[in-house]
Amino acid sequence: MAVAKLVLAATSGKSSKILLGLRVLAFLATLSAAIVMGLNKETKTFVVGNVGNTPIKATFTAKFQHTPAFVYFVVANAMVSFHNLLMIALQLFGGKTELTGFRLLSVAILDMLNVTLISAAANAAAFMAEVGKNGNKHARWDKICDRFATYCDHGAGALIAAFTGVVLMLIISAVSISRLVQPNKCSISTTAATPSVVP
Amino acid sequence: MVKVTQRLGGLVLRFAAFCAALGAVIAMVTSRERSSFFVLSLVAKYSDLAAFKYFVIANAIVSVYSFLVLFLPKESLLWKFVVVLDLMVTMLLTSSLSAAVAVAQVGKRGNANAGWLPICGQVPRFCDQITGALIAGLVALILYVFLLIFSIHSVVDPFLLRKS
């Protein structure tokens, strides 16, 4: 009886529609962050010196692979967007699979793991971008954003998308955990959906 | 009997996480080294880098939070709120640790493409103490992941074992 009530609560219309919408948004945010940072590359030619009258030019490239934090950022965003895609597919196309106790728990645990993954990735990339933007005079590291402005702008856009993804994943994880709560403490949808049972 | 061992296990885990987070804060705050390079004198402190400041603040918040939750009575209704707060604290820990590790890795190896030289050759004791603080932060994070799963198991009853 308790299992039936929990299944009813978990597949009830309101909370699963909200969850689906949030998951689509999080999928789009993390996918765009991964793609924008993955395609981040800028090549520029600088004049490094003069031999007599002719200037010597050297070409420098700024790629995301140069910084390990950005590589981790791309990989983590790709993993989280794949997780969201799987959950969306499960909700849309696995209509008849009942979300019994263990499956609901594994969805909640996977959501929590992905929250920690994406928050770590977004934060590491943010601090590395801050060092790249402002430099560090104590360690004598020069800033690179004044020379590679487009690279920095694209990176900033990817970071904003990733932080949106972090907030959305946190809300999704909270909703998934709240669906684990016992049915008699659950939301109003159970009273509307409980069929009349002769005791 | 099961309840008592459950509660004891939770307390032990939380106390260990409190100690680890506090150790990380203390190790990072007391790391300070002066190195002289010909005429120049370089003082390396943790507050030179923003990521290390964030690490210290985040771990300080976590240690204060764990200390307060240690004294929460068993029958209180706030344990459900503790599950949510545990998730947020785990997120805080992992983000601060990954930011500090990313910046410390640049300090140790440098970044040849950006022209950033590694600084660990000049201040080796500072680097070692930072490494120790980061390891303590990692231990706190692992303990908090266990605590999160433990809180969900004991508070939310996901396997519907209790008949109510």
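A salt bridge is a side-chain nitrogen of Lys or Arg within 4 Å of a carboxyl oxygen of Asp or Glu. Counted by this rule, the two chains together hold two salt bridges. Please keep in mind as you browse the close-ups that this is a predicted model.

**Figure 1. Chain A at a glance.** Let's start with the fold of chain A, which has six helices and two strands. Following the sequence from start to end, you meet these elements in the order α-α-β-β-α-α-α-α. Chain A has 199 residues, and 44% of them are buried. Look also at which residues meet: among contacts in chain A between residues at least 6 apart in sequence, 76% join residues at least 24 apart.

**Figure 2. Where chain A meets chain B.** How many residues does each chain bring to the contact? Chain A provides 36 residues and chain B provides 34 residues. The size of an interface is often given as the accessible area lost when the parts come together. Here, chain A and chain B bury about 3,300 Å² between them, with 74% of that area on carbon and sulfur atoms. Between chain A and chain B there are zero salt bridges, while six residue pairs are in polar contact across the interface. On the side of chain A that touches chain B, at least two residues come from each of helix H1 (2-10), helix H3 (68-93), helix H4 (101-134) and helix H5 (149-178) of chain A. H4(A) gives the largest share of that side, with 15 residues. Sorted by kind, the residues of chain A that touch chain B are 21 nonpolar, twelve polar and three charged.

**Figure 3. A:Met128, a residue with partners in both chains.** Zoom in on helix H4 of chain A to find A:Met128. Leaving aside residues up to four places away in sequence, A:Met128 touches A:Thr67, A:Ala69 and A:Phe70 in chain A, and B:Ala102, B:Val103, B:Val106 and B:Trp116 in chain B. A:Thr67 is 61 residues from A:Met128 along the chain, yet their C-alpha atoms are separated by 8.2 Å. Is A:Met128 buried or exposed? Its relative accessible area is 5%, so A:Met128 counts as buried.

**Figure 4. The salt bridge of chain A.** Side chains of opposite charge can pair when their charged atoms come close. In this view, A:Arg23 and A:Asp111 form a salt bridge, and their closest N and O atoms are 3.0 Å apart. A:Arg23 sits in helix H2 (residues 13-38) of chain A and A:Asp111 in helix H4 of chain A, so this pair links distant parts of the chain, 88 residues apart. A:Arg23 has a relative accessibility of 2% and counts as buried. A:Asp111 is buried as well, with a relative accessible area of 0%.

**Figure 5. The salt bridge of chain B.** Now turn to chain B, where B:Arg14 forms a salt bridge with B:Asp86 and the closest N and O atoms are 3.1 Å apart. Because B:Arg14 lies in helix H1 (residues 2-29) of chain B and B:Asp86 in helix H3 of chain B, the pair ties together parts that are 72 residues apart in sequence. Both B:Arg14 and B:Asp86 are buried.

**Figure 6. Helix H3 of chain B from end to end.** Helix H3 of chain B covers residues 79-109, a run of 31 residues. What span should this helix have at 1.5 Å a residue? The expected value is 45 Å, and the end C-alpha atoms are 44 Å apart, which agrees. Just after H3(B) comes B:Gly110, with a positive phi near 75 degrees.

**Figure 7. B:Glu33 and its neighbours.** B:Glu33 belongs to strand S1 (residues 32-37) of chain B. With a relative accessible area of 14%, B:Glu33 is buried. The side chain of B:Glu33 reaches the backbone nitrogen of B:Phe126 at 2.7 Å. Beyond residues up to four places away in sequence, B:Glu33 touches several residues, including B:Leu42, B:Ala44, B:Val123, B:Pro124 and B:Arg125. Another partner is B:Val43, ten residues from B:Glu33 along the chain, and the C-alpha atoms of the two are separated by 5.7 Å.

**Figure 8. A:Asn40, a buried loop residue.** A:Asn40 is located in the loop between H2 and strand S1 (41-51) of chain A. The relative accessible area of A:Asn40 is 3%, so this residue is buried. Not counting residues up to four places away in sequence, A:Asn40 touches A:Ala62, A:Lys63, A:Phe64, A:Tyr151, A:His154 and A:Gly155.

Technical notes. Residues numbered from 1 in each chain as written. Chains lettered and ligands numbered in written order. Predicted model: local features only at pLDDT ≥ 70, side-chain atom pairs only at ≥ 80, totals over all residues. Heavy atoms only, no water. Contact = heavy atoms within 4.5 Å. Buried area = accessible area lost by both parts, 1.4 Å probe. Polar contact = N/O pair within 3.5 Å; in protein donor to acceptor, adjacent residues only side chain to side chain. Helix = DSSP H or I, 4+ residues; strand = E, 2+ residues; numbered from the N terminus. Nonpolar A, V, L, I, M, F, W, Y, C, P; charged D, E, K, R; others polar. Expected span 1.5 Å × (residues − 1). Buried < 20%, exposed > 50% of the residue type's maximum accessible area, 1.4 Å probe, protein only.
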